[in-house]
Amino acid sequence: MANTRRARPRSRTAPGNTVHRIKATLRDSRPPVWRRVEMDSTVTLQRLHHIVQTAFGWEDAHMWAFRTPKSRLHYRASHRDPAILSPTAKRLDQIAPRPDDRLDYVYDFGDCWEHSLLVEAVTRAEPGTVYPRCLTGRRACPPEDSGGTWGYAYLLDVLADPSHEEHEDRLRWLGLETADQFEPAAFDLERINAALARYAAAPVGD
């Protein structure tokens with residue numbers, strides 16, 4: 001069962017600043033894999049990338065990009081195409097300022113892990129609260145390089161069938177001895193928030 005407790009350590013966001021609450025969902029995941037995260041509205045898209053990576057448990061080992069569904073603008077780091085904008089140049093409150101605004105986030109252009117980011121609310125920062133923080137979520141992040149949502153579904157089928165010809169190979173690839181060591185339904189809120197805490201003190205442009 002998902003842990004939904006909210007940690008409330010000392011605030012790193014000034015009272016009166018606004019906070020975006022975003023639900024990030026891994027598109028086409030069945031059952032759905034998602035995270036609900038709150039963050040300072042002024043974070044850059046570069047920082048938003050790091051927050052999404054940390055909240056899901058990705059390893060930041062591949063290329064990534066943001067896209068605005070309405071304007072179709074693309075934001076991607078270290079790119080020379082003038083039509084693709086720098087993610088350090090725009091803040092979240094400039095790109096998606098209101099509730100119901102959306103962003104698309106793609107991680108790993110080979111596996112193509114597509115995420116839908118929905119702004120659920122924009123509120124005032126709560127005194128005594130550190131941002132960013134994960135409020136809740138569901139299910140574990142798929143392993144890196146597992147082939148996108150289709151490949152991940154196939155991996156789960158292989159792990160569930162000890163007689164499958166790829167079963168032992170997939171266990172070795174994951175570094176596991178038995179399939180029950182892999183927990184696709186696992187979600188550790190406390191661990192995610194401990195990892196997110198490092199961004200509370202980091203410069204906004206990072």
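Q: Before we look at anything, what makes a crossing of helices left-handed or right-handed?
A: A crossing is left-handed if the near helix is turned anticlockwise from the far one by less than a right angle, and it is right-handed if the turn is clockwise. Please keep in mind, as we go on, that the structure above is a predicted model.

Q: OK, so which hand is the crossing of α1 and α5?
A: The helices α1 and α5 cross in the right-handed sense.

Q: And how do their axes lie, I mean what distance and what angle?
A: The axis of α1 and the axis of α5, the helix of residues 189-196, come within 8 Å, and they cross at roughly 150°. Because angles over 145 degrees count as roughly antiparallel, α1 is roughly antiparallel to α5.

Q: Why give both numbers for two packed helices?
A: Two packed helices are described by the angle between their axes together with the distance between those axes.

Q: Which residues of α1 and α5 meet there?
A: On the α1 side they are Ile51, Thr54 and Ala55, and these meet Ile192, Ala195 and Leu196 on the α5 side. Sorted by kind, the residues of this contact are five nonpolar and one polar, with no charged residue among them.

Q: Let me step back. How many helices and strands does the protein chain have?
A: The protein chain has five helices and eight strands, and, if you follow the sequence from its start, they come in the pattern β-β-α-β-β-β-α-β-β-β-α-α-α.

Q: In what order do the strands form the sheet?
A: The eight strands make an open sheet with mixed pairing, and across it the order is β5-β4-β3-β6-β7-β1-β2-β8. The edges are held by β5 (84-85) and β8 (133-138), each of which has a single partner strand, so one side of each is left without a neighbour in the sheet.

Q: What does α1 touch in that sheet?
A: Helix α1, which covers residues 45-56, packs on the sheet and touches β1, β2, β3, β4, β6 and β7, while its direction makes about 140° with that of β2.

Q: Which way do β1 and β7 run, and how many bridges join them?
A: Strands β1 and β7 run antiparallel, and nine bridges join them. On its other pairing, β1 is matched with β2, again in the antiparallel sense, over seven bridges.

Q: Which residues are opposite Ile22, then?
A: In β7 the bridge partner of Ile22 is Val119, and in β2 the residue standing opposite Ile22 is Val37.

Q: What about β3 and β6, how many bridges there?
A: Four bridges join β3, residues 64-67, to β6, residues 102-107, and these two strands run antiparallel. One of the pairs involves Arg67, whose bridge partner in β6 is Asp104.

Q: New topic: where is Thr149 found?
A: Thr149 is found in helix α3, which spans residues 148-160, and with a relative accessibility of 27% it counts as partly exposed.

Q: What does Thr149 touch?
A: Leaving aside residues up to four places away in sequence, Thr149 touches Leu26, Arg27, Asp28, Ser29 and Trp113. Ser29 is 120 residues from Thr149 along the chain, and yet the C-alpha atoms of these two residues are separated by 6.0 Å.

Q: How many of the contacts in the protein chain join residues at least 24 apart?
A: Of the contacts between residues at least 6 apart in sequence, 67% join residues at least 24 apart.

Q: Which residues does a cis peptide bond join?
A: One cis peptide bond joins Arg30 and Pro31, with omega about -5°, and Pro31 lies in the loop between β1 and β2. Another runs from Tyr131 to Pro132, with omega near 5°, and Pro132 lies in the loop between β7 and β8.

Q: Why would anyone point out a cis bond or a positive phi?
A: Most peptide bonds are trans, and most residues other than glycine have a negative phi, so the exceptions can be listed.

Q: Which residue other than glycine has a positive phi?
A: Asp60 has a phi near 55°, and Asp100 has a positive phi of about 80°.

Q: Where are Asp60 and Asp100, and are they buried or exposed?
A: Asp60 is found in the loop between α1 and β3, and at 35% relative accessibility it counts as partly exposed. Asp100 is placed in the loop between α2 and β6, and it is exposed, with a relative accessible area of 60%.

Definitions and conventions: Residues numbered from 1 in each chain as written. Predicted model: local features only at pLDDT ≥ 70, side-chain atom pairs only at ≥ 80, totals over all residues. Heavy atoms only, no water. Pairing = 2+ DSSP bridges. Contact = heavy atoms within 4.5 Å. Axes fitted to C-alpha atoms, helices over the stretch in contact; angles between N-to-C directions. Parallel < 35°, antiparallel > 145°, perpendicular 65-115°, else oblique. Nonpolar A, V, L, I, M, F, W, Y, C, P; charged D, E, K, R; others polar. Buried < 20%, exposed > 50% of the residue type's maximum accessible area, 1.4 Å probe, protein only.
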